[in-house]
Amino acid sequence: MKKFCVIGNPIDHSLSPKLHNFWFEKNKIEATYEKKLLEEKEIPELIESIRNSEINGVNVTVPFKNSVIPFLDDLSSEAKKTNSVNTICVEKNKVIGHNTDIAGFELALRYINYDVKRKKALIIGAGGVSPSIILALKKMECENIYLTNRTFEKAEKIKETFKDITIQKWGDIPEFDIVINATSVGLNNESFDLGLNNVGNNKFFYDVIYNPSETNFLKDAKLNGNKTENGRMMFIYQAHQSFVLWNKVLPKIDEETIKILR
Ligand code: ATR
C-alpha cells in the first residue's frame, strides 16, 4: 500500500485527502492519502521518510512551501524560479521538489477561457502562492503585473526575483483587468478595505480561496457587476499534476470530481 500526505500548519481545512483518495479509488490504485499537522522542526524527519520509501509522495502547503527546500536533493526548474515547493516525490533515488501551483493557476484560467495576454493583473498578497501566480501570468504573456501587500517589504522581496513587476503601496490601486486575491483574507469571512468597490463593473476578480466558495472579495465584486471565480479549479489542477507525477496516471476531472469539493 502506497502512502501519501499533505503537510502544513494549520492543515484541518485541507481537501487534498478527499480528492486524492477519490482518484485512488477511481483508478484502482492501492494507496492512502492523509493530512499531517507538522512543526517546522519535524521537516527533516519527514523528508527522511520519503527518502527511505515509508512515504511515497507529499504535498506541501502553508507555511512550508519554502522551508522544505533546504532538505531536498533537487528542484524542478519551476520550483527553483519561484522558491516554492508544493509537491515532493522520489526520482532516481533523489528527493525532488516540484511546484504544480503554477500549472494549477494557468489551467484554471484556461478552463474558463480567460486570456490574460496583453492584460493588466493586480495580485493582492505576497505570501507563499504569489510567486507561482506571477510566473503563470508571465508564461501566459500578461502585459503588466502589479503586486500589493500589507507588509510592503514582502512584496519587495518578491520583486528581487521578478524584476519587471510593479509594487503598489497597500491601498494604491492601479488600473487593472484582473485582480487576484492571494492572501488568506476571506478564509474566515474577513474583508479588506482596498477601495475595490470603486473600480467599475468590467473586471475579473479571482480568489485563490475555494473554501468558503464565495469570499466577501468575490461577493462584493459580483454585486458590482464584475466577473468572479474562486480557486476550486486551481486546487483541482494542482492536485491533478501532483497525482500524475506520483502515479503516472491521468485521473479524470469531471463533474463528479468537482462536486466532491462542494
Ligand atoms: P505566508 O505569509 O506565511 O507565506 P500565506 O498564507 O501564504 O502565508 O500569506 C498570507 C498573505 O495574506 C500575506 O500576503 C499576508 O500579508 P502580510 O505579508 O502583510 O502578512 C496576507 N494577509 C493575512 N492577513 C491579512 C490581513 N488582515 N490584511 C491584509 N493582508 C493579510
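Helices and strands are taken here as DSSP runs, numbered from the N terminus, with at least four residues for a helix and at least two for a strand. In this predicted model, Glu42 is placed by that scheme in the loop that runs between strand 2 (31-37) and helix 2 (43-51). The points below take up a surface patch of negative charge to which Glu42 belongs, a network of salt bridges that links Glu78, Glu106, Arg110 and Lys139, and the surroundings of the buried residue Val199.

**Negative patch**

- Glu42 gathers with Glu39, Glu45 and Glu54 on the surface, where these residues make up a patch of negative charge.
- The relative accessibility of Glu42 is 33%, and Glu42 therefore counts as partly exposed, since that class lies between the 20% limit for buried and the 50% limit for exposed.

**Salt-bridge network**

- The count of salt bridges in the model comes to 11, and a network of such bridges links Glu78, Glu106, Arg110 and Lys139.
- Lys139 pairs with Glu78 in a salt bridge whose closest N and O atoms are 3.4 Å apart; because Lys139 lies in helix 5 (residues 130-139) and Glu78 in helix 3 (residues 77-82), this pair ties together parts that are 61 residues apart in sequence.
- Glu106 and Lys139 also meet through their side chains in a salt bridge, with an N to O distance of 3.4 Å; Glu106 lies in helix 4 and Lys139 in helix 5, so that this pair ties together parts 33 residues apart in sequence.
- Glu106 and Arg110 form a salt bridge at 2.9 Å, N to O, and these two residues, four residues apart in helix 4 (residues 101-111), are separated by about one helical turn.
- Within the network, Glu106 counts as buried at 13% relative accessibility, whereas Glu78 at 22%, Lys139 at 44% and Arg110 at 47% each count as partly exposed.

**Surroundings of Val199**

- Val199 is found in the loop that connects strand 10 (178-181) with strand 11 (204-207), and at 17% relative accessibility Val199 counts as buried, because the limit for that class is under 20%.
- When residues up to four places away in sequence are left out, Val199 touches Ile173, Phe176 and Phe205.
- From Leu37, Val199 is 162 residues away in sequence, and the C-alpha to C-alpha distance between Val199 and Leu37 is 40 Å.

How values were computed: Residues numbered from 1 in each chain as written. Predicted model: local features only at pLDDT ≥ 70, side-chain atom pairs only at ≥ 80, totals over all residues. Heavy atoms only, no water. Patch = residues over 30% accessible without salt bridge, like charges linked within 9 Å, V, L, I, M, F, W, Y side chains within 5 Å. Areas by Shrake-Rupley, 256 points an atom, 1.4 Å probe, with all protein chains shown as cover. Salt bridge = Lys/Arg side-chain N within 4 Å of Asp/Glu carboxyl O. Lys, Arg positive; Asp, Glu negative; His and termini not counted. Charge placed at Lys NZ, Arg CZ, Asp CG, Glu CD. Buried < 20%, exposed > 50% of the residue type's maximum accessible area, 1.4 Å probe, protein only. Contact = heavy atoms within 4.5 Å.
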